[in-house]
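Student: Could you please go through this structure with me?
Tutor: Certainly; let us look at it together.

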Amino acid sequence: MTEEIIIAGFGRQGVLSMGKILAYSGIMQDQEVSWMPSYGPEMRGGTANVTVILSDERISSPILNFYDSAIILNQQSMDKFEQSVKPGGVLIYDGNGISRHPARTDIKIYRVDAADEAARLGLTKIFNMIVLGGYLKVKPIVKLENVILGLKKSLPHRYHNLIPDNEKAILRGMEIIEEVKV
Amino acid sequence: MGELRLMKGNEAIGEAAIRAGVDAYFGYPITPQSEVIEYLMAEKPYERTGMVVLQAESEVASINMVYGAAATGKKVMTSSSSPGVSLMMEGVSYIAGAELPCVLVNVVRGGPGLGTIQPSQADYFQATKGGGHGDYRMIVLAPASVQEMSDFVKLAFELAFRYRNPAMILSDGVIGQMMEKVELFDPLPRWTEEQITKLSPWATTGKPSTRERNIITSLDLRPHVQEQRNIKLQNKYAIIQEKEVRCEKIACDDAEYLIVAYGSSARIAQKTLDIARAQGIKLGLLRAITLWPFPSKQIHELLDHVKGILTVELSAGQMVEDVRLAVEGKVNVAFYGRMGGMIYTPEEILDVLKAKIIGE
């Protein structure tokens, strides 16, 4: 099994840390992982993205052109990455701030309105975990228990009290994600 | 099995330095390499192993601190990225001339000049063919994974001390910035003063009454002596070329076509290889691990069944010159590169291979 994912959005949305938690979850179940961020001028304000690969085999290129799954969190990233999903692949997006919705018919499209949900729950900081939950509902490539272990590994000790909220957010994401028919 | 962690390549360099029993790190921040010194400063090894971590006032100061500390037989290193490494070149030449062991890390970014902070492999010439003045060579290791970022710190120190020669880890922004699983090696203690005196009798450890003074210098104005010093260096380089070549051959046994690459490019080319093999193209990949000494013989040996070679580098074509020297005109050697921080995709490389080598 190899899963090639791009996660893209604004800086401060937790794009890089979502990827890191996913990568750590893969390690927890003995998979090979790679995490390749954009670190250029875009990181100094504006959009951010990260390519995450989980595989049972040695990972070749950490940089890709096409992805099994794209998690898209702003319009710029939608414009950039909608066409990069492999035919038959998965596109997940948050509708917040999206003016041009995805239109491809050869992929599966899901919507998870995590920004609204995080605001409703009063937990805006774990917005990215709601998105991750939605993704894991569609692509259960890592077990929830391994995600929690991954969270423990990737969060500094002083934030470990936030893990229950993160778990709650992941479960909520799993509930609210919906398939979109184009 | 060693401890498993998810780390950036740059962080792995920092952790490996502590674990390799390094005595001192001198450096100056620059993107895309700053995590090395950031990691070391956060880890505070000076409180655990006594390792010095010092942010110098410039790269010129860093390399001269390395020069001075290496003269005492200590394990010392620095790291930087392209423009910073250029500033260090004078010092590297002196260190090579004085035959001092040390490790340099270059997490390469695009040039020339300040260029860009994005990844590049355009410092191959500088690393393997001088960069500083005079007839000297550095041992150059090219990691292609975060695991190798860690492992090669240890290896680079072993080689540097075995040959009393500077060794460089030539990485790039991709390997420095990406995170992968890394199995860390068990920590080595720092050498004691007694061990240093025994291991490096040439070091300036303080003159006892039992021996003459140890003098560390690259200078000798007597031509016949300076020539002998140069001959000694060249003899040493010949031994390194004989014994220390390292490369990885993937699917080369039945390969009709070959890609030669190193570092991040070799990772991308490995995906090209997978796609090509799925299409029935008999493609192999030779990944150079030591860039100097270069795996010329290993490439030449494949020419009994390889009909054409594509060299891919994130540059205008530097290593390809060494590939051509190795091949001696026996088969077609083509080149494909991207510059300025742009990165090719696996599919892009395959298209070029078909156009320039296979000729579809």
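**One residue, then the interface**

Tutor: Ser79(B) is buried, with a relative accessible area of 0% (buried means under 20%, with a 1.4 Å probe and protein chains only). This is a predicted model, in which local features need pLDDT of at least 70, side-chain atom pairs count only at pLDDT 80 or more, and totals for chains, interfaces and linings use all residues. Residues are numbered from 1 along each chain as its sequence is written, chains are lettered from A and ligands numbered from 1 in the order in which they are written, and side-chain values use heavy atoms, without hydrogens and water.

Student: Which side chains make a polar contact with the side chain of Ser79(B)?

Tutor: The side chain of Tyr25(B) does so at 2.6 Å, and that of Gln33(B) at 2.5 Å. A polar contact is a pair of N or O atoms within 3.5 Å; within protein, one must be able to donate a hydrogen and the other to accept it, and residues adjacent in sequence count only if both atoms are side-chain atoms.

Student: New topic: how many salt bridges cross the interface of chain B and chain A?

Tutor: The rule finds three, a salt bridge being a side-chain nitrogen of Lys or Arg within 4 Å of a carboxyl oxygen of Asp or Glu. One of them joins Glu32(A) to Lys181(B), with the closest N and O atoms 3.5 Å apart.

Student: And how many residue pairs are in polar contact there?

Tutor: Between chain B and chain A there are 10 such pairs, both residues at pLDDT 80 or more.

Terms used: Buried < 20%, exposed > 50% of the residue type's maximum accessible area, 1.4 Å probe, protein only.
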